[in-house]
Amino acid sequence: MDLDQQFHEGMHPQEYVDQMQSHQNDLLYIYENFSTQVEDVPLFEEVQNKQWRALVLTEDWCGDAMLNLPIFLRIAEAAQIDTRFFLRDENPGLMDHYLTNGTSRSIPKIILIDSAGNEAAVWGPRAPELEQFVSEALTSLPGKEAPDHEEKRREVLLFVTKAFRDNQDFWHYVYEDLKQTLKF
């Protein structure tokens, strides 16, 4: 897969945000209320010197993307990582190359490439602390055969999405996990 060529086919961040219909307001809320830390400037300068670029696989309906992408965009601004967005469902070849655990089309996926187009690092779909939070939230669901399974599932997803938007500790977990990927 030619990641360099693929990169040039993606949407610029503003194009992605402009086309959003589900989580645009929440993504913008996090973006407007999150800032990178001054003590991380040396890391961002180091990344800037590597001239990395990012391909981001996402979809507007994804709560994980709503939380993770505005934080990544702040990092990308600080480290001058040129970023392009790709809708997962419109880019199955790219998505299938970056499956989670080799089986799942979980998003977002952030693929960092160097100036020659070689993969440098991959992040996603969520920080470990958030994986634990989501797993615990889903344990309360009744079995799939239960008549109220879908209703309860929607309630849990609404709860998780609200927590992602409002819990700044979650923002911090994402930020710290993304920084670990940049230290590669």
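User: If contact means heavy atoms within 4.5 Å, which strands does helix 5 lie across?
Analyst: Helix 5 (residues 63-79) lies across strand 1, strand 2, strand 3 (109-113) and strand 4, and runs at about 170 degrees to strand 1. Helices (H or I, at least four residues) and strands (E, at least two) are DSSP runs numbered from the N terminus, and angles, from 0 to 180 degrees, compare N-to-C directions of axes fitted to C-alpha atoms, for helices over the stretch in contact. This is a predicted model, where local features need pLDDT of at least 70 and side-chain atom pairs count only at pLDDT 80 or more, while totals for chains, interfaces and linings use all residues. Residues are numbered from 1 along each chain as its sequence is written, and side-chain values use heavy atoms, without hydrogens or water.

User: And what order do the strands take in that sheet?
Analyst: The four strands form an open sheet in the order 2-1-3-4, with mixed pairing, where two strands pair if DSSP finds at least two bridges between them. Strand 2 (82-87) and strand 4 (119-123) are the edges, and each has a single partner strand, so one side of each lacks a neighbour in the sheet. From one strand to the next, the twist averages 20 degrees.

User: How many bridges join strand 1 to strand 2?
Analyst: Six bridges link strand 1 (residues 53-58) with strand 2, and the two run parallel; T58, for instance, has L87 in strand 2 as its bridge partner.

User: Which strands does helix 9 touch?
Analyst: Helix 9 (residues 168-182) packs on the sheet against strand 3 and strand 4, its direction making about 160 degrees with that of strand 4.

User: New topic: how many cavities of 30 Å³ or more turn up?
Analyst: The search of the whole structure finds one, with a volume of about 40 Å³. A cavity is a set of points on a 1 Å grid over the protein atoms alone where a 1.4 Å probe fits but cannot get out, and its lining residues have an atom within 4 Å of a point; the volume is the space filled by probe spheres set on points joined across faces, edges and corners.

User: Which residues line it?
Analyst: The lining consists of F72, I75, I110, L112, W123, L178, T181 and L182, and helix 9 gives the most, with three residues.

User: Last one: is K183 buried or exposed?
Analyst: K183, in the segment after helix 9, counts as partly exposed because its relative accessibility is 48%, between buried (under 20%) and exposed (over 50%), with a 1.4 Å probe and protein chains only. Its C-alpha atom is 9.7 Å from that of A121, although the two residues are 62 residues apart along the chain.

Methods
Contact means heavy atoms within 4.5 Å. On a 1 Å grid over the protein atoms alone, a cavity is a set of points where a 1.4 Å probe fits but cannot get out, and a pocket is an open set with protein on both sides within 12 Å along at least five of seven lines; lining residues have an atom within 4 Å of a point.
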